[in-house]
Each structure stands twice: as C-alpha cells, then as structure tokens.
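Reader: I am new to this structure and would like a close look at a single part of it. Please explain that part slowly, in connected prose, and tell me what each term means when it first appears.

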Protein chains: 4
Amino acid sequence: MQIRALVWGENVHEQTNKTVADIYPDGMHEAIAAALRSDGITAETATLQQPEHGLTKERLAQTDVLLWWGHAAHGDVADEIVERVAEHVHAGMGLILLHSAHFAKIFKRLMGTPCNLTWREAGERERLWVTSRNHPIAAGLPDHFTLENEEMYGEPFGVPEPLETVFISWFQGGEVFRSGLTYKRGAGNVFYFRPGHETYPTYHDANVQTVLRNAVRWAHNPAPRIKDVNDAPNVPVESALEPITERGPRLHRDGEDGFR
Amino acid sequence: MQIRALVWGENVHEQTNKTVADIYPDGMHEAIAAALRSDGITAETATLQQPEHGLTKERLAQTDVLLWWGHAAHGDVADEIVERVAEHVHAGMGLILLHSAHFAKIFKRLMGTPCNLTWREAGERERLWVTSRNHPIAAGLPDHFTLENEEMYGEPFGVPEPLETVFISWFQGGEVFRSGLTYKRGAGNVFYFRPGHETYPTYHDANVQTVLRNAVRWAHNPAPRIKDVNDAPNVPVESALEPITERGPRLHRDGEDGFR
Amino acid sequence: MQIRALVWGENVHEQTNKTVADIYPDGMHEAIAAALRSDGITAETATLQQPEHGLTKERLAQTDVLLWWGHAAHGDVADEIVERVAEHVHAGMGLILLHSAHFAKIFKRLMGTPCNLTWREAGERERLWVTSRNHPIAAGLPDHFTLENEEMYGEPFGVPEPLETVFISWFQGGEVFRSGLTYKRGAGNVFYFRPGHETYPTYHDANVQTVLRNAVRWAHNPAPRIKDVNDAPNVPVESALEPITERGPRLHRDGEDGFR
Amino acid sequence: MQIRALVWGENVHEQTNKTVADIYPDGMHEAIAAALRSDGITAETATLQQPEHGLTKERLAQTDVLLWWGHAAHGDVADEIVERVAEHVHAGMGLILLHSAHFAKIFKRLMGTPCNLTWREAGERERLWVTSRNHPIAAGLPDHFTLENEEMYGEPFGVPEPLETVFISWFQGGEVFRSGLTYKRGAGNVFYFRPGHETYPTYHDANVQTVLRNAVRWAHNPAPRIKDVNDAPNVPVESALEPITERGPRLHRDGEDGFR
C-alpha cells in the first residue's frame, strides 16, 4: 500500500526572498515532496495561497500523512482550516511539523502549550544526535549527523513531555534543543522535526531526507479514519454490558444528549 | 506556606435542580472548597455568573491551584477567560479538572484532543483503583475505594497519554475509565479526576476529599510564576554563549522580532 | 519481508494437567504459533525442556520477535539464558510477555520492578477495553471484547509507567488491570499482554489472536541488530567532533578502558 | 519533618589519587552530604568499605533518600546489597544516581537496560540546560549553567524513556547528553544526574548543590514504606468485591500460593 503524503508549504519567502528562491526554485514544499517520493510513498503539495489553503475536506480525507512548513504567515492560516486539520489528526491522519512550524496554529492547537524557544540566525553548525537507538524515525542514520549552517533553536522548548525524544541538537553557539519529538493526539501520530530554516539548503541534505521519509512511514496509521471523532455517546441502562438497575436521581431524560 | 486554592463552579444546576441543591445547598464549589480547607490549604470560590467569571487577572495571580467544575454551561465560558487561565497554567498555576470538566474549554485547550468518552447516568457503583502506589495524589488511600452511586464514564477517553495514570475506575455496568491522570503543560501541573456527578453526594465522600487535598498539594508549584510565558527571545550572535561568527544569508535584520 | 516470530512455552502444565492438555493438545506454544502464522509472519516454537531452553545464540539471532509464556517454572529458567535474551532485546529483538510471564525472570529483568499484582482463579468474565484508539496493536478490534472465563489479575500492577496503555481489563469480581502495556528497552520493543490462563481456551479466541499478530508486527524492529550492545566507547580528544584541548587532571591513561 | 538523606560513596579514588584527595579531602560523599545539609534535610554517609557497605537493613529503613556515587568499584558491591537497595526503592525510598553511577549495579538493576554512553576525559566545558521549566529539581536555577571542566558523556544513553527530561548537557567537543532524568520504580522516585567526575570540583559548584538539594526533596516520598513489596496476594472468590461464583477448571487448590 502506498502512503499518501501531502506537503503543505507557506510559500511566502520563496516568492519574496532571492536566497530562498535560489535554494528552492520550485518552493520548499516541492523540494520536500521530491525527497519523500520513493518506494512506498507518494507525495503531493498544497500551499497557503490556494483556496482553503489547499486543504479541502476531500484532500485531507485522501491524505495519510500531512507535513507542515510555515514561518512568516502563521497568522494567515484560517482558524477553520486549523480545526479541520486537527480533526483529521484526531481521526488518524499523521502530522509532521517542520522547523518554524513550532509556532504554527495547528501545532499549538495540538500541544496545548506555548511551543516557544530561543533562536539565532547565524548560519552556525548544528549536530543532531540520535537519543532513541533504532527508533523507526532514525532508521539508516548514524548516531549523529551535522548540518553546517542552520538557525539555532534553544531550550527550554515550550512543549509537553513527548512520548519519545528521538533527536537532540547541539549548536555551535552553546545551546541544545530537543529536535525530534513524538506525540499521539487522538488516533493521529505527530512528529516535530527541528531543522529546515529557509535560507539554508537543509531539505537537500541526505540525512534530513532520510528522517522525512522515515517519519512519514512512522506517522502513517493504516487503520480506517475514526468517524465522529468528537462523539460522546450515551450508553443506556438497557444496553449496559452487565445487567444493572437504574438507581438514584437523574439529570438527563432518556435519549437526551450530554452537555458540551 | 499556605497553598491558595480557588474552586471554580459553574453553579447552574445548584440553582435549577432540586436534587443538586439539596445535596449541595451552598453550591458544589463551596462544598469542594470546604473539603480543601485544612492545615496548609486556604480555599476560595468563583463562579460563572461573576464578572469575568470570577477569574480576573488579579485573582489568578493570587491563585496557586485552580479547581474547575463545569457541565451544562461549558459554552458560556468566555474564550478570553479560557486563554487567560491557560496562560496562568503555562506560567506555573496548578489546575485540577473535575468530572464533567473533561469537556471544559480549558481542558480541551490544554490537551489538544477531543477529550470525549462514553457515559451513562444510572447511579451505578464505581470503584477506583490506585495504579501508581504511593503517588502523592493517592497518599493515605487504600488500594481501592468505592462510590456507591455515580455516573459512568467509559473508555476510550480521548486524551493524550498522561505522565502517570494514578487511578482507574471499575463500573458496575461493565466499563473501565482512567480516572486520575497527571499532565504538565508549560510550568503548570494538571490533574484530571473523574468522580463528581452533581446528583450524587460524591464531594462529601471522605476518600474523594482526600484525593482533592492531595491533588492540590501535588499541583502546587512554589516557583515564581514565569513571566512573558509566550516569549521567544532572539539571542544575538554577539551574546552567544560560545564565540561564533555569523555565516551565510539571513532573513531577519538585527533586532527584528521572530515571526509568530 | 517475513517477520520471524519465536514462541517460547514453558510446556509444563500441558504435560501434567489434563484440562490444559485437552485445550492445547500440541502445547500452548504451538497454539500461539499457529495463531501467528499469516501473511507476513512465520512462527516457530521453543520450550524450557530443550537444550538452552531452545534459545541458543543462533536461534535468537534469527528471531525478530520472541513471545514468552511461563508460569509454574519461572525459577527453572537459567539466568544465563535470561541475560542472553535481555541482550537481544537491547539489541533490537521484540519481546511479548504473555499472562503469567509478568513474573518471568526476563520481564522483571527488563522492568526493574517487582511486577506483582493480585489474582483469583474463578473463571470469571474479563472485558478488555481499548484505551489508545487505532493503536497498531488494537488494529481491527472493536472498542472492547470479552473473555467469558479468565483468571483475574488486579491492580496495583508493579510495573513502571509504560510508554502507552493500550488495553485495560474489567473483571466481574470488581477489579481492573492494565492489560496491554508498551515499553522500549534499548532498541527492543516490549509488550505485555494479560490474558492467557492455561485452564481456559484464551489463545483460541479470535480477538486475542488478532492482538498477538498485531503485537508481533508492532514489536518488529527491521533495523539491523545493534552490535556490542553494552559498549561504552571512549572518544579521544584528537577525535572530538569539535576541536578541543585537553585541560585539567585525568584519571585514565590514553587508551584505557572505562570502569564498569 | 526532616528528610533523612544518606550519601553512599565508593571512596576509592579519594584514597588512591592525589588530585581527588586534594579536591575532596574528606571524601566525595562527605562533600555531597555537607552540600545537602540545610533547613529540611539531614545527611549522613556510608561507604563501600564498611560492613554491608554501610547499607544495613536498619540504616536503609531510616533513610528517605539514598544518593549513590561509584565508579572504579561497581563490581565490588555485593549483589545481596544491590537487591536490598532495590527493594527499599520499590517500597518507597528515593534514589539519586550521580555521574558514573550510570554503570552502578543498582541503576542497571532498576532500569533494565545497558545504561551505556560515550565518554571523554578532557576537562572540557559542559553547559546544562533546563528542559522542564519550573520542575522542582530545577527550582532556583537559571535556564542554563556551566561547569568549566567536566568529563564528557555522550548520547545515545542506554536508558529507558524517562518520565521527564529535566536537564540536557551541551559539551564543548560536540556532544549532547540527557543529564537529568526522572523515573519511578515501584513506589520509589529515581533521579539520574550526570555531572560529578572526581578529578574536578563539581560538587563544590553552587548550582550543582542546588540540584542535589532539590532532587532530595523531589525524591522524598513521605508515605509509609510499602511492606512485602513483592507480594502477589490471592483474592479468594468468597472475598471478591462483587459477588461471583466460581466457574470452570482450576489449577490451584484453595489457599495455595501462586507460582513465581
């Protein structure tokens, strides 16, 4: 079964900044999608500028894993689309947040925390260390790999404790950062991966591309999407799995919905 | 040092339902606050109907641990107040969610998930089992205790994997539920505790009261509240902890704020 | 790629107890292995009575996922074999512990805790609830399923907090139990699954068989086994990734091994 | 209530290495104990060379939190004493492992993993970053602090995923390390803290001393020690919490112990 990945790109700096346009002439989203395409993964792209940001209900229903890169225009993403993506994650769609997407509405929505950090744009050296040996997302990687020029992100990183810490970054200027973190939100697998500042050729790096492909395979949940993902069904007394008799006062009438 | 607890009550059914009013003549929030008061804990109350729902900035700044009971009127809580409470939790305020607060805006905000479940209002027997021995929240409790009449909540419970599962409930009708779950969100400790349907005298139960007092002590973070909890400070090259030289192209000018 | 499962059975009660022999005429291990065989999984068996308990170095090197059922003879398993299995788990072999294997030496070795519980052998009803929706180990299962006759295991279960709680059991006599728990130990995935008392036909149950197949697929780590899994390599100054100069006093001479 | 800490020191290099003896003239254990003594904590010491390594049953019964520093003589610690300490941790005693105690028998016993890492003794700079803001163990600390000369420990660190990652270290030579990790084993809180190579004055550092005092307070579990910590009690049918009738075949006779 082919995994259907969809790469969402903000697609702003590619249009306005010559450095970014030179590194990613077809846009960062297209470079990422090209890196994903392989035996087992198909990859399409969507951008902020498209109707519904390219994330229609039909499109999301056909997406196994969504990758998200955004930076300058987090605020331009419609709240309605953020909720739609969140529901698909809850229902089982995988989601991979890239670099500056730590401040994407969808990441903050799913984490419930500020997702803040410290930063410095100096083209310094970053070295990523694998902290969970043989984790599927680290498959085929050495114990560490280096990106010669990257933006620095530093701890404390304002996220919940993850299920697993897969990568930690060392920065030349003296900081560290938890660069690969796994979460589950509803039935959806979520992975945050730090590298990917737009003025450096990070998504052309072979190790980074390996992480992206691994992460898509890890995040893919082959189970059917959960329907009615916010449902809170009443189980009437007469349908109880064990025979019980109703006792005491009640608030709700038969068949009445719960409050929410 | 006294811990300053604040019990927030929706205070709706106490006014409209004779059963609830008979069990909790001063309101559920007052019963809960009375149960908290002890050596080491002071407790006040606030309700939905007060200006700013009783949760002004000044009040929250003076609160170490907030307890939240809501059910019929989740939708009436102003979004602005929910964000204010979330920021205080991120900054270090403890938060305890009680029973039907699984659907409170603030809980969904902090969890990032649907927080849904199955339910049945039949006055059936609930038995809570301690699953983390000697956890501070279970201090002084036996391995299990029983509530003769409670509403049933059943799995799957739509929340993220907790830091620790402290209680699991057995229900007479055949369901189970993770009844005591710990989380950390930013610098704030968060605890969800299941029992407490308004038509039963749950908050008069001695074991439940023990859990509430324990939970307040556990959730209390004595460290000073974090200021500017959403800040993402730039660390300029010249202030780097290790000497580095700027390299490569930049997106941001000196002193410019990051995108968000 | 076929996953190579190996089912280890203690094979004692099948030889000494007519009830068990009637339910599992070829032994529990053979029944479990037969349930595993499917597209994608091959399954062999090994037993306590074989030389080296059937767990030679060559055999383990050819095993992707080991399943372990033991009860009456935990003490007869040689410590040397337990260590061998532990090393293979650390190196990446999956391990699935079944029912009374909660007291197997290998489980206690990997958990570091007593792994104790309460129990009752009364053929009572057990109902397993899925607590992690769409978890790969729960694929294809309904939200709950029932085993009409099982031994009861009750909380508190003396194990570390898991990575994820996948199943929780309800028992007719009033107890609950965390019945499906995931761990990672070194590079190896570990799953504990509760049902499977030998006097009941549990391993003939279709839902249980689904869990076993799912668990094997989940536990399988396709990465090459880690070599020298206990190594703690010295990184000499001259091989440091960043240029550093040795400073201050030293304990170790050049090339000397670390203490252990 | 005073917390009773006990600092266990291997006390080998203090006797054989002039550098170590000069930095810690009364032994590392005495320096650590002195750093702990404060309002609320009393601290005594024990060493390898004492009868039963100074860890008699009576002594452990009077200990709330045990701190452990060992390096050259892990192998000389008697297995019986390791088991005794493990049982006390399971029963609720706190345990803090310092630096090279990553290879102490008691740490490997409780983790179930190799606990290995990479290392380099070059007196290089280590900077510890707080990754869990306002965690009690980080109380009163800045977001980062530096030790000018330390031994390097590098990832991957062969331990299970912790409950929380409190500190991550940056090393001058290019490595990172999870330097502060929390676990719970049975009823006992366990904390691993990385710094503390014997040829550097690490335990005289004010920030390190703050961590040690914080960690003792965090690890302290005021609940009474659990008795019979390995018990697996049978719950007879006639004592079941809910009335049940025995059904089906049994393995055990009335009153018979379980297998183990």
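Author: What follows sets out one chain briefly and then looks closely at chain D and its contacts.

This is a predicted model, in which local features need pLDDT of at least 70 and side-chain atom pairs count only at pLDDT 80 or more, while totals for chains, interfaces and linings use all residues. Residues are numbered from 1 along each chain as its sequence is written, chains are lettered from A and ligands numbered from 1 in the order in which they are written, and side-chain values use heavy atoms, with hydrogens and water left out.

For orientation, consider chain A, whose secondary structure amounts to seven helices and nine strands (DSSP runs numbered from the N terminus, helices being H or I of at least four residues and strands E of at least two). Its C-alpha atoms occupy a box of roughly 70 × 40 × 35 Å along the principal axes. Of the 260 residues of chain A, 66% are buried (under 20% relative accessible area, where over 50% is exposed and anything in between is partly exposed, with a 1.4 Å probe and protein chains only). When contacts (heavy atoms within 4.5 Å) in chain A are taken between residues at least 6 apart in sequence, 71% of them join residues at least 24 apart.

Turning to chain D, a useful starting point is helix α3 (residues 28-36), where seven of the nine residues are buried, so the helix is largely enclosed by the rest of the structure. The buried residues of α3(D) are M28(D), H29(D), A31(D), I32(D), A33(D), A35(D) and L36(D). They pack against β1 (3-9), α1 (13-16), β2 (41-47), β3 (65-69), β4 (94-98) and α7 of chain D.

The segment after α7 of chain D brings us to contacts with other chains, and V235(D) is found there. With a relative accessible area of 18%, V235(D) is buried. Apart from residues up to four places away in sequence, V235(D) touches T118(C), W119(C), R120(C), M152(C) and E175(C). Within its own chain, V235(D) lies 68 residues from F167(D) in sequence and 44 Å from it in space, C-alpha to C-alpha.

L241(D) also belongs to the segment after α7 (206-219) of chain D, but L241(D) counts as partly exposed, at 32% relative accessibility. Its contacts, leaving aside neighbours within four places in sequence, are R127(B), W129(B), H144(B), G173(C), G174(C) and E175(C).

The meeting of chain D with chain C can now be taken as a whole: 68 residues of chain D are in contact with 68 residues of chain C. Between them these chains bury about 5,300 Å², 57% of it on carbon and sulfur atoms (the accessible area, with a 1.4 Å probe, that two parts lose on being put together, summed over both). On the chain D side, W119(D), R247(D) and L251(D) lose the most area to chain C, together 15% of what that side buries.

How do the two copies stand to one another? Chain D is superposed on chain C by a rotation of 180° with 0.0 Å of shift along its axis, at an RMSD of 0.0 Å (least squares on the C-alpha atoms of residues with pLDDT of at least 70 in both copies). The C-alpha of chain D nearest that axis belongs to G112(D), at 2.7 Å. Because 100% of the interface residues of chain D are also interface residues in chain C, the copies meet through the same surface.

Chains B and A can be described in like terms, for a rotation of 180° with 0.0 Å of shift superposes chain B on chain A, with an RMSD of 0.0 Å. That is the relation of a two-fold axis. There are 68 residues of chain B in contact with 68 residues of chain A.

Finally, chain D shares in an enclosed space, the largest cavity, which holds about 480 Å³ (a cavity is a set of points on a 1 Å grid over the protein atoms alone where a 1.4 Å probe fits but cannot get out, and lining residues have an atom within 4 Å of a point; points are joined across faces, edges and corners, and the volume is the space filled by probe spheres set on them). Of the 28 residues that line the largest cavity, the closest to its centre are P162(A), P162(B), P162(C), P162(D) and L163(D). The elements giving two or more residues to this lining are β8 (176-185) of chain A, of chain B, of chain C and of chain D.

How values were computed: On a 1 Å grid over the protein atoms alone, a cavity is a set of points where a 1.4 Å probe fits but cannot get out, and a pocket is an open set with protein on both sides within 12 Å along at least five of seven lines; lining residues have an atom within 4 Å of a point.
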